[in-house]
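Visitor: I am new to reading structures. Could you take me through this one step by step?

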Amino acid sequence: MSDSPLPLASALHTPVLSWYADNARTLPWREPDAGAWAVMVSEFMLQQTPVARVLPAYEAWMRRWPKPGDLAAEAPGEAVRAWDRLGYPRRALRLHAAATAIVELHGGEVPRDHAALLALPGVGTYTAAAIASFAYGQRHAVVDTNVRRVFARALAGLAQPSISPTAADQRLAVSALPDDEPTAARWAVATMELGALVCTARTPRCAECPIRSQCAWVLAGSPPYDGPPRKGQTYEGTDRQVRGRLLAVLRAAPGPVAKNALDACWPDQVQRERALDGLVADGLVDPFADNQYQLPQ
DNA sequence: CATCCGTGGGC
DNA sequence: TGCCCAAGGAT
């Protein structure tokens, strides 16, 4: 083990919390009266989709389904349709399934308990902690890609966090958590916001950073990333692109769609069939009558 | 643990 | 112009 101690995380609390008080974005799911369902919907939508693109879909969603029971009462296909072009539409299906579970198991109220949240479809370690912390003010390590990057730089002195989340990331975030519950909850959202606005992946705004004088990475001279190369995800020509095209047609249609309309989406029949079968297997598309398909009812 | 799963905007 | 990235989860 190294003799050099990590920077004391507690020394970061005050500057980060103070920075957040002055710089937090106004977002609808952060309004004091937003409620846990609003937080939950936003967290699902924000899984891999930027805030700017989430906002309009979020507003429409909350107007239409202000409570979990409102969503659960509708067909899952309506959730997929309202998901619009946020991407990864399985999230819409999972959010609908989670709403159904909330009605059936929790009286229609988003549960407060971390384990109960984790048991919901589409809720993993991060989202469970985020809901418990942001909506209910509990003390949890909320470890997303922003937080992992902030800690990688400020505490570990690395330009970028590991490619995939590790147990070490989680332990580090737990150890950095302020002791008392309300402060821990503010710390969680503040560190995420710092990563989103200042300690960004590509061009960090270190001049604006409240902890630049304590940041291990800055103090080390901001050394460049030297880890394994990140695999750039290709998209053109993948099944994902084909699935996206097929689902776009089905979302736009008010009802069932003839198969020949779907055939026009993609020239390669083998890939097209595979993509369609995959959508059906995922529950995103239902076969209907003969040679017709629709969003799940 | 690696891979799959959409979409679009910024640099 | 591409390439990188964006509040992950499930398998």
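**Protein and DNA**

Visitor: Which residues come nearest to DNA strand B?

Guide: This is a predicted model. There are 19 residues around DNA strand B. Of the atoms of that strand that come within 4 Å of the protein, sugar and phosphate account for 58%. The residues that come nearest are Arg53, Arg85, Pro89, Arg243 and Gly244.

Visitor: How many Å is the side chain of Arg85 from a phosphate oxygen of DNA strand B?

Guide: Some polar pairs with this strand involve bases: an N or O atom in the side chain of Thr49 is 3.0 Å from a base nitrogen, and a polar side-chain atom of Arg202 lies 3.3 Å from a base nitrogen. For Arg85, the pair joins an N or O atom of the side chain to a phosphate oxygen, and the distance is 2.3 Å.

Visitor: Which element gives the most residues to the surface near DNA strand B?

Guide: Two elements, H6 and H13, give two or more residues to this surface. The one that gives the most, with 5 residues, is H13.

Visitor: What are the closest residues to DNA strand C?

Guide: DNA strand C is surrounded by 26 residues. Sugar and phosphate make up 60% of its atoms that come within 4 Å of the protein. H6, H8 and H9 each supply at least two residues of the surface near this strand. The closest residues are Leu46, Thr127, Asp144, Asn146 and Gln233.

Visitor: Which residue has a side-chain N or O atom 3.2 Å from a base nitrogen of DNA strand C?

Guide: Gly124 uses a polar backbone atom, which is 2.8 Å from a phosphate oxygen of this strand. Asp144 uses its side chain, with an N or O atom 2.8 Å from a sugar or linking oxygen. The residue paired with the base nitrogen is Glu43.

**Inside the protein**

Visitor: Which element gives the most to the largest nonpolar core?

Guide: This core has 52 residues, and those that touch the most other members are Trp37, Met40, Met45, Trp61, Leu95 and Val110. Several helices give two or more residues to the core, including H3 (51–64), H6 (90–106) and H15 (269–281). The one that gives the most, with 8 residues, is H2.

Visitor: Why does this core lie between two domains, and which are they?

Guide: Chain A is assigned domain 1 (10–24 + 141–219), domain 2 (28–135) and domain 3 (239–288). In contacts between two of these, 8 residues of domain 2 meet 11 residues of domain 3, and the centres of these two domains are 25 Å apart over C-alpha atoms. The core lies between two domains because both give residues to it, and they are domain 2 and domain 3.

Visitor: Which residues is Leu95 in contact with, leaving aside its neighbours within four places in sequence?

Guide: Leu95 is one of the core residues that touch the most other members. With those sequence neighbours left aside, its contacts are Trp37, Met40, Val41, Phe44, Trp61, Leu71 and Trp83.

Visitor: What should helix H1 span, and how far apart are its end C-alpha atoms?

Guide: Helix H1 has 14 residues (10–23), and at 1.5 Å a residue it should span 20 Å. The end C-alpha atoms agree with this, as they are apart by 20 Å.

Visitor: Which helices do the buried residues of H1 pack against?

Guide: The buried residues of H1 are Leu12, His13, Pro15, Val16, Leu17, Trp19 and Tyr20. The helices they pack against are H9 (145–154), H10 (167–176) and H11 (181–197).

Note on methods. Residues are numbered from 1 along each chain as its sequence is written. Chains are lettered from A and ligands numbered from 1 in the order in which they are written. This is a predicted model: local features need pLDDT of at least 70, side-chain atom pairs count only at pLDDT 80 or more; totals for chains, interfaces and linings use all residues. Side-chain values use heavy atoms; hydrogens and water are left out. Helices (H or I, at least four residues) and strands (E, at least two) are DSSP runs, numbered from the N terminus. The expected span of a helix is 1.5 Å times one less than its number of residues. Buried means under 20% relative accessible area, exposed over 50%, partly exposed in between (1.4 Å probe, protein chains only). Contact means heavy atoms within 4.5 Å. A nonpolar core is a set of buried Ala, Val, Leu, Ile, Met, Phe, Trp, Tyr and Cys residues joined through side-chain atoms within 4.5 Å. Domain bounds come from an automatic or database domain assignment. A residue is near a molecule or strand if one of its heavy atoms lies within 4 Å of it. A polar contact is a pair of N or O atoms within 3.5 Å; within protein, one must be able to donate a hydrogen and the other to accept it, and residues adjacent in sequence count only if both atoms are side-chain atoms.
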